[in-house]
Amino acid sequence: MKRSTMRPENVHQATLLRLLRDGGRSRAELADVVDLSRSKLNVELDALIELGLVESAGLAASRGGRRSGKVRLSPHTRFAGIDIGATSIDVAVTNGELEVLGHVSEPCDIREGPAAVLDRAVDLLGKFRENGLFTQLHGAGIGVPGPVSFPEGVPVVPPIMPGWDRYPVREAIGQELGCPAMVDNDVNIMALGELHAGLARNVDDFLLVKIGTGVGCGIVVDGKIYRGVSGSAGDIGHIRVDDLGPVCACGNSGCLEAYFGGAALAREATGLARSGASPYLAERLAATGELRAEDVAAAAAQGDAEAIRLIRDGGHRVGQVLASLVSFFNPGLVIIAGGVARLGHVLLAEIRSVVYRRSLPLATGNMPIVLSELGEIAGVVGAARLISDHVYSAK
């Protein structure tokens, strides 16, 4: 049976919860940043305490007069963050402030279908429950590697997710876990993770480019995810970069993803190994039977010229697309993330070179292009942020 999750009763309470999500504060500090009288603020905080969403936390240091009482989110609040990739799944449990209390990552093939993959996510959460990390979840956020109709909580014709089209992910997870659930594209939830706990904490307008099995872009405008009319904003992996290029998983040819997604990189690396052009990759292929992005990174670190060329060629194509986006959108920051981004600074240097050379100087003058520092937890923190935005909103 689905349990009810307590929600704030009005917009003032919702605002207070989101402020407290960033850490406990005194009533006086909250009064400094919200447009409420002191008496009204105390009424709303007391109501949140009565609902069990907030609790008192002692006294703050004196600011020259009577010491103000501190408040914080309930320590019993728990959110689940589920980040489903094409070849892996990450699951985490956080507290109300989105601190990760437990996190696990394991290989998982998205092609196994929604029932098998979502059951695995639920099983992993069950282990956290058995270990005492939670008794009840107050919400679950889920990211999937394909286009999502955000209002419906379903993937829509996802190119690399056979069997997932219009599968009711939000409904299935919500019913299984007995809590509210929200679903979004995995790139969007990574951008939310960076916004909450990463390099974009103090940036309102930025782009997060994920280069993994696929290529996508999370767009943050004024501190909020921009999804577009139907939820497909940021699908840059299917921007055509060459009319005569290889066929992409979407059915078109010459897409960016067909040149520099994880599958494309593995294909090119395998060709180099079999031709003997890259002795290091040939050795790795013989030892493991397949090549991945990390093998290309390792080859480049050993000075393998062909591996370095692969990375630079891919970075050049990403930079071409990104240069146009930067000139159009004028972000304050660009973050490069995802499994292929672990190719590191050779990739980053090439992307920077193309973007800074091709974009308008006014757009790039104060715009850093950086690698994500959150790594694997960006997605699960972002998924928890996604559902917390819902739970910490007025009914």
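How are helices α8 and α9 oriented to each other? They are roughly perpendicular, a label used for angles of 65 to 115 degrees, while angles under 35 degrees count as roughly parallel, over 145 as roughly antiparallel and the rest as oblique. Before we walk through the details, please keep in mind that this is a predicted model, in which local features need pLDDT of at least 70, side-chain atom pairs count only at pLDDT 80 or more, and totals for chains, interfaces and linings use all residues. Residues are numbered from 1 along each chain as its sequence is written, and side-chain values use heavy atoms, with hydrogens and water left out.

Let's stay with that helix pair for a moment. Two packed helices are described by the angle between their axes and the distance between the axes. Here, the axes of α8 (residues 262-275) and α9 (residues 279-288) cross at roughly 100 degrees and come within 7 Å. The axes are lines fitted to C-alpha atoms, for helices over the stretch in contact, and the angles run from 0 to 180 degrees between N-to-C directions. Helices (H or I, at least four residues) and strands (E, at least two) are DSSP runs, numbered from the N terminus. On the α8 side, A269, T270, L272, A273 and R274 make the contact, and they meet L281, A282 and L285 of α9; contact means heavy atoms within 4.5 Å. Sorted by class, this contact of α8 with α9 has six nonpolar, one polar and one charged residues. In that sorting, Ala, Val, Leu, Ile, Met, Phe, Trp, Tyr, Cys and Pro are nonpolar, Asp, Glu, Lys and Arg are charged, and the others, Gly among them, are polar.

Next come the sheets. Strands of a sheet pair through backbone hydrogen bonds, either parallel or antiparallel. In this model, two strands pair if DSSP finds at least two bridges between them. One open sheet has five strands in the order β13-β12-β11-β14-β15, and its pairing is mixed. Its edges are held by β13 and β15 (369-371), each with a single partner strand, so one side of each has no neighbour in the sheet. Two helices accompany this sheet. Helix α6 (residues 186-197) lies across β11, β12, β13 and β14 (334-337) and runs at about 130 degrees to β11. Helix α11 (residues 305-329) packs on the sheet too, touching β11, β12 and β14, with its direction at about 165 degrees to that of β11.

Within this sheet, β12 (residues 215-221) is a good strand to follow. Six of its seven residues are buried, so β12 is largely enclosed by the rest of the structure. Buried means under 20% relative accessible area, exposed means over 50%, and partly exposed lies in between (1.4 Å probe, protein chains only). Six bridges pair β12 with β11 (residues 206-211) in the antiparallel sense, and a hairpin of three residues joins β11 to β12. Along this pairing, L207 faces I219 of β12, and L208 faces G218 of β12. With β13 (residues 224-225), β12 shares two bridges, again antiparallel, and V220 stands opposite I225. The hairpin of β12 and β13 has two residues between the strands, and D222 there takes a positive phi near 55 degrees.

Strand β4 (residues 79-84) is buried at six of its six residues, so it is largely enclosed by the rest of the structure. Its two faces are both covered, with F79, G81 and D83 buried on one side and A80, I82 and I84 on the other. Antiparallel to β4 runs β5 (residues 88-94), joined to it by six bridges, with A80 opposite V93. Three residues lie between β4 and β5 in their hairpin. With β7 (residues 139-144), β4 pairs in the parallel sense over five bridges, and F79 stands opposite G139.

Another open sheet has three strands in the order β1-β3-β2, with antiparallel pairing. Helix α1 (residues 11-20) lies across β1, β2 and β3, at about 90 degrees to β3. This helix holds A14, which counts as buried because its relative accessibility is 8%. Leaving aside residues up to four places away in sequence, A14 touches P8, Y392, S393 and A394. The C-alpha atoms of A14 and H390 are separated by 9.7 Å, although these residues are 376 apart along the chain.
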